Amino acid sequence: MTQTVPYIGTRGFAGERDFAGAILDGLAPDGGLYVPAQWPEAGAATAALSPGSYKDQVLALLRLFGAGRLGDAALETAAERTSQAFLKDGRTPLVQLEDDLWLLELFHGPTHAFKDMAMQMMAPLTAAALAQRDEDLLLITATSGDTGAAAVRAFGGTERIKLVVLHPHNRVSPVQRRQMTVDAPANVLNLAIEGDFDDCQRLVKTLLADDHVRAAGAVSSVNSINWGRLLGQVPYYLAAARASGVANPDFVVPTGNFGDAFAGWIARKIGGSVGHLHAAVNQNDALARALNDGVYQRTTARPSASISMDVQAPSNFERLVFEALGRDAARTEALFSTFVREGEVTLPADALKALRAEVSASSVSEAQTAAMIQTAHRRWGQVVCPHTAVGLVAALARRDAGAGPQIVLATAHAAKFPDAVEAALGTPPQAPAALAALENRPEAFAICGPQTDGVRDRVLAHRRA
Ligand SMILES: *Cc1c(COP(=O)(O)O)cnc(C)c1O
(Lines give C-alpha, C1' and ligand atoms only; values in the text may rest on other atoms or scores of the structure.)
Protein backbone atom coordinates (compact mmCIF):
# COMPACT_ATOMS: atom_id res chain seq x y z
CA MET A 1 0.00 0.00 0.00
CA THR A 2 1.43 3.39 -0.92
CA GLN A 3 0.43 6.14 1.39
CA THR A 4 0.39 9.76 0.23
CA VAL A 5 1.80 12.19 2.75
CA PRO A 6 1.49 15.88 1.88
CA TYR A 7 4.28 18.26 2.91
CA ILE A 8 3.84 21.92 3.85
CA GLY A 9 6.32 24.75 4.59
CA THR A 10 7.15 26.32 7.96
CA ARG A 11 6.40 29.79 6.51
CA GLY A 12 2.96 28.98 5.17
CA PHE A 13 3.72 27.48 1.76
CA ALA A 14 0.69 25.25 1.21
CA GLY A 15 1.22 24.21 -2.41
CA GLU A 16 1.53 20.74 -0.88
CA ARG A 17 4.39 18.70 -2.20
CA ASP A 18 4.58 14.94 -1.91
CA PHE A 19 7.72 13.26 -0.55
CA ALA A 20 9.50 13.41 -3.92
CA GLY A 21 8.62 17.08 -4.37
CA ALA A 22 9.91 17.94 -0.90
CA ILE A 23 13.29 16.23 -1.38
CA LEU A 24 13.81 17.59 -4.90
CA ASP A 25 12.94 21.17 -3.86
CA GLY A 26 15.07 21.19 -0.69
CA LEU A 27 13.69 24.54 0.43
CA ALA A 28 10.02 25.56 -0.01
CA PRO A 29 9.49 28.32 -2.62
CA ASP A 30 8.81 30.92 0.12
CA GLY A 31 12.05 30.09 1.96
CA GLY A 32 10.37 27.89 4.57
CA LEU A 33 11.37 24.32 5.45
CA TYR A 34 9.26 21.30 4.57
CA VAL A 35 7.48 19.28 7.25
CA PRO A 36 4.69 16.71 6.87
CA ALA A 37 1.25 18.35 6.93
CA GLN A 38 0.53 16.02 9.85
CA TRP A 39 2.80 13.86 11.97
CA PRO A 40 1.96 10.16 11.75
CA GLU A 41 -0.06 9.12 14.77
CA ALA A 42 2.34 7.77 17.42
CA GLY A 43 0.58 4.41 17.82
CA ALA A 44 0.69 3.73 14.09
CA ALA A 45 4.35 4.57 14.02
CA THR A 46 5.18 2.26 16.89
CA ALA A 47 3.34 -0.56 15.14
CA ALA A 48 5.08 0.09 11.82
CA LEU A 49 8.46 0.26 13.52
CA SER A 50 8.11 -2.79 15.73
CA PRO A 51 11.39 -4.67 16.04
CA GLY A 52 12.90 -6.07 12.89
CA SER A 53 16.19 -5.55 11.09
CA TYR A 54 17.53 -2.01 10.79
CA LYS A 55 16.75 -2.18 7.09
CA ASP A 56 13.13 -3.17 7.80
CA GLN A 57 12.81 -0.20 10.14
CA VAL A 58 14.08 2.17 7.49
CA LEU A 59 11.63 0.75 4.96
CA ALA A 60 8.73 1.13 7.39
CA LEU A 61 9.76 4.69 8.18
CA LEU A 62 10.09 5.65 4.51
CA ARG A 63 6.61 4.30 3.78
CA LEU A 64 5.18 6.02 6.84
CA PHE A 65 6.43 9.35 5.50
CA GLY A 66 5.15 8.84 1.97
CA ALA A 67 8.22 7.67 0.06
CA GLY A 68 6.38 4.51 -1.10
CA ARG A 69 5.41 6.03 -4.43
CA LEU A 70 9.06 6.01 -5.47
CA GLY A 71 8.72 2.24 -5.89
CA ASP A 72 9.90 -0.82 -3.98
CA ALA A 73 13.24 -1.12 -5.81
CA ALA A 74 14.36 2.41 -4.87
CA LEU A 75 13.20 1.97 -1.27
CA GLU A 76 15.02 -1.35 -0.97
CA THR A 77 18.27 0.14 -2.27
CA ALA A 78 17.96 3.20 -0.04
CA ALA A 79 17.27 1.10 3.06
CA GLU A 80 20.05 -1.37 2.28
CA ARG A 81 22.63 1.36 1.72
CA THR A 82 21.81 3.33 4.87
CA SER A 83 21.74 0.11 6.86
CA GLN A 84 25.20 -0.86 5.54
CA ALA A 85 26.50 2.57 6.53
CA PHE A 86 25.07 2.32 10.04
CA LEU A 87 25.66 -1.22 11.24
CA LYS A 88 29.00 -2.50 12.44
CA ASP A 89 29.42 -6.23 11.86
CA GLY A 90 25.65 -6.43 11.52
CA ARG A 91 24.94 -4.86 14.91
CA THR A 92 23.86 -1.50 16.33
CA PRO A 93 27.18 0.20 17.18
CA LEU A 94 26.26 1.20 20.74
CA VAL A 95 29.15 1.19 23.20
CA GLN A 96 28.47 1.30 26.92
CA LEU A 97 30.94 3.52 28.78
CA GLU A 98 29.36 3.43 32.22
CA ASP A 99 26.13 2.20 33.83
CA ASP A 100 24.17 5.16 32.58
CA LEU A 101 26.24 6.36 29.63
CA TRP A 102 26.58 5.09 26.06
CA LEU A 103 28.21 6.21 22.82
CA LEU A 104 26.40 5.59 19.56
CA GLU A 105 29.16 5.23 16.96
CA LEU A 106 27.81 6.81 13.80
CA PHE A 107 31.09 6.57 11.93
CA HIS A 108 31.20 3.14 10.34
CA GLY A 109 29.95 4.35 6.94
CA PRO A 110 31.95 5.11 3.78
CA THR A 111 33.24 8.53 4.94
CA HIS A 112 33.28 7.87 8.69
CA ALA A 113 30.77 10.52 9.81
CA PHE A 114 27.05 10.36 10.58
CA LYS A 115 26.15 12.28 7.43
CA ASP A 116 26.70 9.04 5.47
CA MET A 117 23.50 7.51 6.79
CA ALA A 118 21.18 10.15 5.33
CA MET A 119 23.18 10.70 2.13
CA GLN A 120 23.33 6.98 1.32
CA MET A 121 19.55 6.87 1.69
CA MET A 122 18.93 10.05 -0.28
CA ALA A 123 20.85 9.18 -3.46
CA PRO A 124 18.67 6.29 -4.69
CA LEU A 125 15.48 8.09 -3.62
CA THR A 126 16.47 11.24 -5.50
CA ALA A 127 17.39 9.22 -8.59
CA ALA A 128 14.01 7.46 -8.50
CA ALA A 129 12.14 10.75 -8.12
CA LEU A 130 14.01 12.13 -11.14
CA ALA A 131 13.30 9.00 -13.21
CA GLN A 132 9.57 9.34 -12.51
CA ARG A 133 9.68 12.92 -13.79
CA ASP A 134 12.16 12.18 -16.55
CA GLU A 135 14.33 15.04 -15.31
CA ASP A 136 18.01 15.63 -14.59
CA LEU A 137 19.26 17.49 -11.55
CA LEU A 138 22.27 19.61 -10.69
CA LEU A 139 23.18 19.48 -7.01
CA ILE A 140 25.42 22.21 -5.64
CA THR A 141 26.71 22.13 -2.10
CA ALA A 142 29.18 23.97 0.09
CA THR A 143 31.14 22.02 2.65
CA SER A 144 33.51 22.52 5.54
CA GLY A 145 34.39 18.84 5.12
CA ASP A 146 31.97 16.10 6.15
CA THR A 147 28.93 17.00 4.04
CA GLY A 148 30.91 17.14 0.80
CA ALA A 149 32.65 13.83 1.40
CA ALA A 150 29.39 12.06 2.26
CA ALA A 151 27.67 13.60 -0.79
CA VAL A 152 30.45 12.57 -3.20
CA ARG A 153 30.42 8.97 -1.95
CA ALA A 154 26.61 8.77 -1.99
CA PHE A 155 25.72 10.64 -5.21
CA GLY A 156 28.87 9.74 -7.14
CA GLY A 157 27.86 7.66 -10.16
CA THR A 158 24.13 8.26 -9.61
CA GLU A 159 22.05 8.44 -12.80
CA ARG A 160 20.53 11.80 -13.82
CA ILE A 161 22.54 13.71 -11.20
CA LYS A 162 25.52 16.04 -11.52
CA LEU A 163 27.12 17.11 -8.26
CA VAL A 164 29.26 20.18 -7.60
CA VAL A 165 31.00 20.51 -4.22
CA LEU A 166 32.62 23.77 -3.13
CA HIS A 167 35.16 23.62 -0.31
CA PRO A 168 37.38 26.43 0.99
CA HIS A 169 40.86 25.92 -0.48
CA ASN A 170 43.38 24.77 2.15
CA ARG A 171 40.77 25.07 4.90
CA VAL A 172 39.46 21.53 5.12
CA SER A 173 41.61 18.79 6.61
CA PRO A 174 43.64 16.80 4.05
CA VAL A 175 41.77 13.66 5.14
CA GLN A 176 38.43 15.30 4.38
CA ARG A 177 39.66 16.67 1.06
CA ARG A 178 40.92 13.30 -0.13
CA GLN A 179 37.56 11.70 0.62
CA MET A 180 36.06 14.07 -1.95
CA THR A 181 38.84 14.20 -4.52
CA VAL A 182 40.41 10.72 -4.75
CA ASP A 183 38.62 8.51 -7.30
CA ALA A 184 35.85 11.10 -7.67
CA PRO A 185 33.26 9.71 -10.12
CA ALA A 186 32.74 11.55 -13.43
CA ASN A 187 29.47 13.19 -12.36
CA VAL A 188 31.26 15.01 -9.50
CA LEU A 189 33.04 18.36 -9.79
CA ASN A 190 35.17 19.46 -6.81
CA LEU A 191 35.96 23.17 -6.64
CA ALA A 192 38.45 24.52 -4.12
CA ILE A 193 37.43 28.14 -3.60
CA GLU A 194 40.10 30.67 -2.65
CA GLY A 195 38.18 31.98 0.32
CA ASP A 196 36.49 30.69 3.46
CA PHE A 197 33.42 28.55 4.09
CA ASP A 198 31.15 31.61 4.08
CA ASP A 199 32.37 32.43 0.55
CA CYS A 200 31.44 28.90 -0.51
CA GLN A 201 27.98 29.20 1.04
CA ARG A 202 27.40 32.57 -0.54
CA LEU A 203 28.40 31.19 -3.96
CA VAL A 204 25.98 28.27 -3.59
CA LYS A 205 23.13 30.62 -2.69
CA THR A 206 23.94 32.88 -5.63
CA LEU A 207 24.23 29.99 -8.08
CA LEU A 208 20.97 28.36 -6.94
CA ALA A 209 19.17 31.63 -7.74
CA ASP A 210 21.17 32.44 -10.90
CA ASP A 211 19.15 32.79 -14.15
CA HIS A 212 21.82 31.14 -16.33
CA VAL A 213 22.12 28.19 -13.98
CA ARG A 214 18.36 27.78 -13.66
CA ALA A 215 17.85 28.04 -17.41
CA ALA A 216 20.04 24.95 -17.80
CA GLY A 217 17.64 22.74 -15.78
CA ALA A 218 16.57 21.78 -12.27
CA VAL A 219 19.01 22.70 -9.53
CA SER A 220 19.03 21.98 -5.80
CA SER A 221 21.28 21.43 -2.80
CA VAL A 222 21.93 18.57 -0.39
CA ASN A 223 22.30 20.51 2.85
CA SER A 224 20.64 19.53 6.09
CA ILE A 225 17.48 21.58 5.55
CA ASN A 226 16.43 18.85 3.12
CA TRP A 227 13.62 16.76 4.58
CA GLY A 228 15.23 13.55 3.29
CA ARG A 229 18.42 14.25 5.21
CA LEU A 230 16.49 14.48 8.48
CA LEU A 231 14.46 11.35 7.83
CA GLY A 232 17.62 9.32 7.20
CA GLN A 233 18.75 10.08 10.74
CA VAL A 234 15.58 9.06 12.58
CA PRO A 235 16.03 5.26 12.55
CA TYR A 236 19.28 5.24 14.49
CA TYR A 237 17.65 6.93 17.48
CA LEU A 238 15.07 4.14 17.56
CA ALA A 239 17.72 1.43 17.18
CA ALA A 240 20.00 2.93 19.85
CA ALA A 241 17.20 3.35 22.37
CA ARG A 242 16.25 -0.28 21.88
CA ALA A 243 19.83 -1.55 22.10
CA SER A 244 20.43 0.35 25.36
CA GLY A 245 17.79 -1.75 27.08
CA VAL A 246 16.51 1.23 29.11
CA ALA A 247 13.20 3.02 28.60
CA ASN A 248 13.39 6.52 27.13
CA PRO A 249 17.12 7.26 27.43
CA ASP A 250 18.09 10.90 26.98
CA PHE A 251 20.11 11.74 23.88
CA VAL A 252 22.97 14.23 23.82
CA VAL A 253 23.62 15.44 20.28
CA PRO A 254 26.72 17.37 19.14
CA THR A 255 24.95 20.10 17.19
CA GLY A 256 25.63 22.53 14.37
CA ASN A 257 22.64 23.09 12.10
CA PHE A 258 20.33 21.17 14.46
CA GLY A 259 19.53 18.60 11.75
CA ASP A 260 20.66 15.56 13.69
CA ALA A 261 18.97 16.75 16.89
CA PHE A 262 15.72 17.44 15.05
CA ALA A 263 15.78 13.88 13.73
CA GLY A 264 15.76 12.82 17.39
CA TRP A 265 12.77 15.07 17.95
CA ILE A 266 10.96 13.31 15.09
CA ALA A 267 11.85 9.89 16.53
CA ARG A 268 10.21 10.89 19.80
CA LYS A 269 7.24 12.54 18.06
CA ILE A 270 6.29 9.33 16.30
CA GLY A 271 6.36 7.34 19.50
CA GLY A 272 9.98 6.21 19.75
CA SER A 273 11.49 5.47 23.16
CA VAL A 274 13.43 8.74 23.24
CA GLY A 275 13.74 10.74 26.44
CA HIS A 276 14.99 14.29 26.70
CA LEU A 277 17.02 15.79 23.85
CA HIS A 278 20.06 17.89 24.63
CA ALA A 279 21.92 19.85 21.96
CA ALA A 280 25.61 20.27 22.80
CA VAL A 281 27.19 23.15 20.88
CA ASN A 282 30.76 24.43 20.81
CA GLN A 283 31.79 28.04 21.45
CA ASN A 284 29.43 29.04 18.60
CA ASP A 285 26.54 29.14 21.01
CA ALA A 286 23.64 30.95 19.29
CA LEU A 287 21.34 27.98 19.87
CA ALA A 288 22.26 27.59 23.55
CA ARG A 289 21.74 31.30 24.18
CA ALA A 290 18.40 31.23 22.39
CA LEU A 291 17.12 28.39 24.58
CA ASN A 292 18.72 29.58 27.82
CA ASP A 293 18.38 33.37 27.55
CA GLY A 294 15.45 33.66 25.13
CA VAL A 295 17.28 35.79 22.56
CA TYR A 296 18.22 34.29 19.22
CA GLN A 297 21.15 36.32 18.01
CA ARG A 298 23.48 36.00 15.04
CA THR A 299 27.17 36.28 15.79
CA THR A 300 30.23 35.66 13.65
CA ALA A 301 31.22 32.02 13.73
CA ARG A 302 34.59 31.45 15.43
CA PRO A 303 36.67 28.52 14.16
CA SER A 304 36.82 25.69 16.67
CA ALA A 305 38.23 22.15 16.86
CA SER A 306 34.74 20.78 16.19
CA ILE A 307 34.65 22.53 12.84
CA SER A 308 31.51 20.86 11.51
CA MET A 309 29.58 22.59 14.29
CA ASP A 310 30.86 26.11 13.58
CA VAL A 311 27.38 27.37 12.77
CA GLN A 312 25.99 30.74 13.75
CA ALA A 313 22.39 30.40 12.56
CA PRO A 314 21.31 26.73 12.83
CA SER A 315 18.93 26.30 9.91
CA ASN A 316 16.77 23.53 11.38
CA PHE A 317 15.95 25.61 14.46
CA GLU A 318 13.10 26.98 12.34
CA ARG A 319 11.40 23.57 12.30
CA LEU A 320 11.53 23.37 16.09
CA VAL A 321 10.19 26.91 16.50
CA PHE A 322 7.37 26.15 14.05
CA GLU A 323 6.31 23.21 16.22
CA ALA A 324 6.74 25.16 19.46
CA LEU A 325 4.45 27.87 18.08
CA GLY A 326 1.76 25.26 17.53
CA ARG A 327 2.58 25.20 13.79
CA ASP A 328 1.65 28.87 13.39
CA ALA A 329 3.36 29.65 10.06
CA ALA A 330 2.62 33.39 10.21
CA ARG A 331 4.36 33.77 13.58
CA THR A 332 7.25 31.56 12.43
CA GLU A 333 7.67 33.67 9.30
CA ALA A 334 7.58 36.91 11.31
CA LEU A 335 10.12 35.66 13.81
CA PHE A 336 12.66 34.51 11.23
CA SER A 337 12.28 37.58 9.03
CA THR A 338 13.03 39.72 12.09
CA PHE A 339 16.08 37.55 12.75
CA VAL A 340 17.32 37.96 9.16
CA ARG A 341 16.63 41.71 9.15
CA GLU A 342 17.89 42.65 12.62
CA GLY A 343 20.36 39.88 13.35
CA GLU A 344 18.47 39.04 16.51
CA VAL A 345 15.01 38.31 17.81
CA THR A 346 13.53 37.82 21.27
CA LEU A 347 11.60 34.57 21.52
CA PRO A 348 8.03 35.08 22.76
CA ALA A 349 7.44 33.66 26.26
CA ASP A 350 4.98 31.00 25.11
CA ALA A 351 7.36 29.82 22.39
CA LEU A 352 10.30 29.72 24.79
CA LYS A 353 8.37 27.66 27.30
CA ALA A 354 7.33 25.20 24.60
CA LEU A 355 10.88 25.01 23.19
CA ARG A 356 12.36 24.27 26.60
CA ALA A 357 9.89 21.46 27.11
CA GLU A 358 11.29 19.78 23.98
CA VAL A 359 15.01 20.47 23.97
CA SER A 360 17.78 21.90 26.13
CA ALA A 361 21.22 23.08 25.04
CA SER A 362 24.59 23.95 26.46
CA SER A 363 27.83 25.37 25.12
CA VAL A 364 31.24 23.72 25.55
CA SER A 365 34.55 25.58 25.38
CA GLU A 366 37.63 24.63 23.38
CA ALA A 367 39.54 23.85 26.58
CA GLN A 368 36.77 21.54 27.83
CA THR A 369 36.73 19.79 24.46
CA ALA A 370 40.47 19.11 24.49
CA ALA A 371 40.34 17.95 28.13
CA MET A 372 37.50 15.55 27.29
CA ILE A 373 39.49 13.93 24.48
CA GLN A 374 42.05 13.10 27.17
CA THR A 375 39.46 11.99 29.74
CA ALA A 376 37.69 9.70 27.25
CA HIS A 377 40.98 8.03 26.46
CA ARG A 378 42.07 7.64 30.06
CA ARG A 379 38.75 6.66 31.58
CA TRP A 380 37.11 4.58 28.84
CA GLY A 381 39.93 3.80 26.41
CA GLN A 382 38.07 5.69 23.69
CA VAL A 383 39.71 7.92 21.08
CA VAL A 384 36.96 10.41 20.25
CA CYS A 385 36.67 13.20 17.69
CA PRO A 386 36.26 16.81 18.92
CA HIS A 387 32.52 16.85 18.06
CA THR A 388 31.91 13.73 20.12
CA ALA A 389 33.98 15.26 22.94
CA VAL A 390 31.64 18.27 23.01
CA GLY A 391 28.72 15.87 23.49
CA LEU A 392 30.50 14.00 26.28
CA VAL A 393 31.27 17.21 28.20
CA ALA A 394 27.60 18.15 28.09
CA ALA A 395 26.51 14.66 29.14
CA LEU A 396 28.78 14.53 32.19
CA ALA A 397 27.59 17.98 33.28
CA ARG A 398 23.99 16.83 32.92
CA ARG A 399 24.71 13.74 34.99
CA ASP A 400 26.21 15.87 37.75
CA ALA A 401 22.93 17.79 37.69
CA GLY A 402 20.92 14.59 38.13
CA ALA A 403 20.16 13.34 34.60
CA GLY A 404 19.37 9.63 34.09
CA PRO A 405 20.62 7.27 31.36
CA GLN A 406 22.13 9.10 28.39
CA ILE A 407 23.24 8.17 24.89
CA VAL A 408 25.82 10.49 23.31
CA LEU A 409 26.03 10.49 19.52
CA ALA A 410 29.61 9.95 18.30
CA THR A 411 29.28 11.86 15.04
CA ALA A 412 32.64 11.21 13.36
CA HIS A 413 35.70 8.99 13.54
CA ALA A 414 38.63 10.60 15.39
CA ALA A 415 40.93 9.96 12.40
CA LYS A 416 39.03 12.61 10.39
CA PHE A 417 40.37 15.24 12.78
CA PRO A 418 43.92 14.08 13.47
CA ASP A 419 45.34 17.47 14.49
CA ALA A 420 42.95 18.13 17.38
CA VAL A 421 43.26 14.56 18.61
CA GLU A 422 47.05 14.51 18.42
CA ALA A 423 47.23 17.85 20.21
CA ALA A 424 45.26 16.38 23.10
CA LEU A 425 46.71 12.86 23.27
CA GLY A 426 50.24 13.35 21.98
CA THR A 427 49.77 10.62 19.35
CA PRO A 428 47.71 10.74 16.16
CA PRO A 429 44.52 8.63 16.01
CA GLN A 430 44.74 5.38 14.10
CA ALA A 431 43.02 5.66 10.73
CA PRO A 432 40.63 2.97 9.45
CA ALA A 433 42.08 1.15 6.42
CA ALA A 434 39.76 2.94 3.97
CA LEU A 435 40.98 6.36 5.15
CA ALA A 436 44.63 5.42 5.18
CA ALA A 437 44.32 4.05 1.63
CA LEU A 438 43.51 7.53 0.31
CA GLU A 439 46.94 8.91 1.09
CA ASN A 440 49.31 9.69 -1.78
CA ARG A 441 46.64 9.05 -4.39
CA PRO A 442 45.93 11.46 -7.26
CA GLU A 443 43.25 14.01 -6.42
CA ALA A 444 40.82 15.74 -8.78
CA PHE A 445 39.81 19.30 -7.95
CA ALA A 446 40.00 22.71 -9.58
CA ILE A 447 41.12 25.79 -7.66
CA CYS A 448 39.17 28.95 -8.43
CA GLY A 449 38.70 32.46 -7.13
CA PRO A 450 35.57 33.44 -5.19
CA GLN A 451 34.05 35.46 -8.07
CA THR A 452 30.65 34.25 -9.23
CA ASP A 453 31.37 34.39 -12.99
CA GLY A 454 34.28 31.98 -13.02
CA VAL A 455 32.55 29.49 -10.76
CA ARG A 456 29.34 29.71 -12.79
CA ASP A 457 31.20 28.91 -16.04
CA ARG A 458 32.72 25.79 -14.54
CA VAL A 459 29.40 24.68 -13.06
CA LEU A 460 27.58 25.10 -16.40
CA ALA A 461 30.34 23.27 -18.27
CA HIS A 462 30.07 20.39 -15.78
CA ARG A 463 26.30 20.23 -16.25
CA ARG A 464 26.73 20.00 -20.04
CA ALA A 465 29.54 17.44 -19.89
C1 LIG B 1 27.58 17.94 10.56
C2 LIG B 1 28.23 17.47 11.80
C3 LIG B 1 27.71 17.80 13.07
C4 LIG B 1 26.52 18.71 13.26
O5 LIG B 1 25.31 18.13 12.82
P6 LIG B 1 24.01 19.07 12.59
O7 LIG B 1 23.02 18.15 11.99
O8 LIG B 1 24.44 20.14 11.64
O9 LIG B 1 23.60 19.59 13.90
C10 LIG B 1 28.34 17.26 14.20
N11 LIG B 1 29.42 16.48 14.09
C12 LIG B 1 29.96 16.15 12.89
C13 LIG B 1 31.17 15.30 12.85
C14 LIG B 1 29.38 16.63 11.70
O15 LIG B 1 29.93 16.31 10.52
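Analyst: Quick ground rule before we look at this predicted model: two strands count as paired if DSSP finds at least two bridges between them.

User: Okay, what makes S8, S5, S6, S7 and S15 a sheet, and which way do they pair?

Analyst: Those 5 strands line up in the order S8-S5-S6-S7-S15, and the pairing is parallel. The sheet is open, with strand S8 (219–220) and strand S15 (446–448) at its edges. Each of those two has a single partner strand, so one side of each is left without a neighbour in the sheet.

User: How do you know that S7 and S15 really pair?

Analyst: Strand S7 (residues 188–193) shares 3 bridges with S15, in the parallel sense. Pairing needs at least two bridges, so S7 and S15 qualify. As an example, Leu191 has Ala446 in S15 as its bridge partner.

User: What lies across S5, S6 and S7?

Analyst: Helix H6 (residues 146–155) does, lying across strand S5 (137–142), strand S6 (161–168) and S7. Its direction is at about 160 degrees to that of S6.

User: Over to the other sheet, then. Why are S3 and S13 called edge strands?

Analyst: This sheet has 6 strands in the order S3-S4-S14-S9-S10-S13, it is open, and its pairing is mixed. Strand S3 (94–98) and strand S13 (359–363) each have a single partner strand, so each has one side left without a neighbour in the sheet. Ignoring direction, neighbouring strands here are turned by 25 degrees against each other on average.

User: What makes the pairing of this sheet mixed?

Analyst: Take the pairs one by one. S3 and S4 run antiparallel, joined by 4 bridges, and they form a hairpin with 2 residues between them. Val95 has Leu103 in S4 as its bridge partner. S4 and S14, however, pair in the parallel sense over 5 bridges, with Glu105 opposite Ala410 in S14. Strand S10 (residues 277–281) and S13 also run parallel, and 5 bridges join them. In that pair, Ala279 stands opposite Ala361 in S13. Helix H11 packs on this sheet, where it touches S3, strand S4 (101–105), strand S9 (250–254), S10 and strand S14 (406–410). The direction of H11 makes about 135 degrees with that of S14.

User: How do you know whether S4 is enclosed or open to the outside?

Analyst: Count its residues: 5 of the 5 are buried, so S4 is largely enclosed by the rest of the structure. Both of its faces are covered, with Leu101, Leu103 and Glu105 on one side and Trp102 and Leu104 on the other.

User: Why is Gly26 called buried?

Analyst: Its relative accessible area is 4%. The cut-off for buried is under 20%, so Gly26 passes. Gly26 sits in the loop between helix H1 (19–25) and strand S2 (34–36). Leaving out neighbours within four places in sequence, its contacts are Tyr34, Ser220, Ile225 and Asn226. Gly26 and Ser220 are 194 residues apart in sequence, but their C-alpha atoms are 6.5 Å apart.

User: What makes H12 mostly covered?

Analyst: In helix H12 (residues 259–269), 9 of the 11 residues are buried. Among them are Phe262, Trp265 and Ile266. After H12 comes Gly271, with a positive phi near 100 degrees.

User: Now the helix pairs. Why are H3 and H11 called oblique?

Analyst: Helix H3 (residues 54–64) packs on helix H11 (residues 234–244) at about 135 degrees, with the axes 10 Å apart. That value is beyond the 65 to 115 range for roughly perpendicular but is not over 145, where roughly antiparallel begins, so oblique it is. The crossing is right-handed. Tyr54, Gln57, Val58 and Leu61 of H3 meet Val234, Pro235, Tyr236, Ala239 and Arg242 of H11. By class, that contact has 7 nonpolar, 1 polar and 1 charged residues.

User: And what angle do H14 and H15 make?

Analyst: Helix H14 (residues 317–324) and helix H15 (residues 329–342) pack at about 140 degrees, with their axes 9 Å apart. Roughly antiparallel would need over 145, so H14 is oblique to H15. H14 passes H15 in a right-handed crossing. H14 brings Phe317, Glu318, Val321 and Phe322 to the contact, and H15 brings Ala329, Thr332, Leu335 and Phe336. The residues of this contact divide into 6 nonpolar, 1 polar and 1 charged.

Definitions and conventions:
Residues numbered from 1 in each chain as written. Predicted model: local features only at pLDDT ≥ 70, side-chain atom pairs only at ≥ 80, totals over all residues. Heavy atoms only, no water. Axes fitted to C-alpha atoms, helices over the stretch in contact; angles between N-to-C directions. Parallel < 35°, antiparallel > 145°, perpendicular 65-115°, else oblique. Left-handed = near helix turned anticlockwise from the far one by under 90°. Contact = heavy atoms within 4.5 Å. Nonpolar A, V, L, I, M, F, W, Y, C, P; charged D, E, K, R; others polar. Buried < 20%, exposed > 50% of the residue type's maximum accessible area, 1.4 Å probe, protein only.
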